[in-house]
Amino acid sequence: MRCDSKFVAVPVIQCNGADLYYEEHGEGQPIVFLHGATAGLRYFEPQLMGLSNDFRAIAVDFRGHGRSEKTELGHTFGQYARDVQAFLEQLELDQVVLAGWSMGAIISWEYIHQFGTNRLRAIVDIDMEPSPLKRPDYEYGSYGREDLEGAIESIQQDPIGLLEEQAEALLKEPPTRELRNLILDEGSRTPPAIQGSLTLGLSFLRDYREVLRSVDVPALVCAGADEKWRSVASVEHAAELIPDTRFELFEESGHGITLEEPERFNQVLRDFVESL
């Protein structure tokens, strides 16, 4: 990248053989943001800017997403969690507030399943239920096998059309041109083969109810009142399982809380972190 006739270093860190792009702003208590599937750290731009006066705000693109390397291998929830572990180690981050949105919340739970909470000060679940997969003993669940098969078919046949549908379903209100462009740009950076691998991975997704019951750090759980993929009750169920939890409902949001109500989300997160 060239700017003002000078080369600008791109912040990239290698984790388990993949070059991961990340951004960080500010100093102090580290908050690490993990994005959703076929998304990227740009979904956290309001947080990286809005919270940097008070905290060290950090966000990273998972392998295969955003500006990170599009590796052929490693596109499983387990590997993404191992990448997060390597990322925290290399940046020497401890007492981290780990904030995951959508798939990012699942990765944070998978991280806890594999590595525990020694490096964590708290976790934040931004609009995700304990298992998005429908299960016989589970009254929630967003997706069945037929839903996943249909998604994989759409990814292979019409990935841009699928992104257009997601742009409409992601938010409470129809997206502005700016938000629509962000959703489509970030989504198109994840190759269809990687999108398909992650969607297939949902079929074998771990049930995280027991993991959430074992969480021994404080948690903040946020739900969008107009979420179109799951119910508020299913997200609130995550808060019911974690022993020390604060639940917050965002009335003017769908699934994209960090973009739809950025100022309120930032204040809720700020209050939560300052209360630790």
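How many nonpolar, polar and charged residues are there, by class, in the lining of the second largest pocket? The tour comes to that pocket after the sheet and a pair of helices.

This is a predicted model, in which local features need pLDDT of at least 70 and side-chain atom pairs count only at pLDDT 80 or more, while totals for chains, interfaces and linings use all residues. Residues are numbered from 1 along each chain as its sequence is written, and side-chain values use heavy atoms, with hydrogens and water left out.

Select the strands first (DSSP runs of E, at least two residues, numbered from the N terminus, as are helices, which are runs of H or I of at least four residues). Eight of them form an open sheet of mixed pairing, in the order β3-β4-β6-β5-β7-β8-β9-β10, where two strands pair if DSSP finds at least two bridges between them. Because β3 (12–15) and β10 (245–250) stand at the edges with a single partner strand each, one side of each is left without a neighbour in the sheet.

Within the sheet, select 120–126 and 219–224, which are β8 and β9, paired in the parallel sense over four bridges; the bridge partner of V124 in β9 is L220.

Next, select α2 (77–90) and α3 (103–115). These two helices pack at an angle of about 75°, with their axes 8 Å apart (axes are lines fitted to C-alpha atoms, for helices over the stretch in contact, and angles run from 0 to 180 degrees between N-to-C directions). α2 and α3 are therefore roughly perpendicular to each other, a term for angles of 65 to 115 degrees. Among the residues making the contact (heavy atoms within 4.5 Å) are F77, Y80 and L88 of α2 and I106, E110 and F115 of α3.

Now show the second largest pocket, an open set of points on a 1 Å grid over the protein atoms alone, with protein on both sides within 12 Å along at least five of seven lines, whose lining residues have an atom within 4 Å of a point. H75, F77, E110, S197 and R206 are among the residues that line the second largest pocket, and α2 and α7 each supply at least two residues of that lining. By class, the lining has four nonpolar, five polar and two charged residues; Ala, Val, Leu, Ile, Met, Phe, Trp, Tyr, Cys and Pro count as nonpolar, Asp, Glu, Lys and Arg as charged, and the others, Gly among them, as polar.

Finally, turn to the largest pocket, which is lined by 34 residues, with A37, T38, Y143, Q166 and W229 nearest its centre.

Note on methods:
1 Å grid on protein atoms, 1.4 Å probe; cavity = no way out; pocket = protein on both sides within 12 Å on 5 of 7 lines; lining within 4 Å. Parallel < 35°, antiparallel > 145°, perpendicular 65-115°, else oblique.
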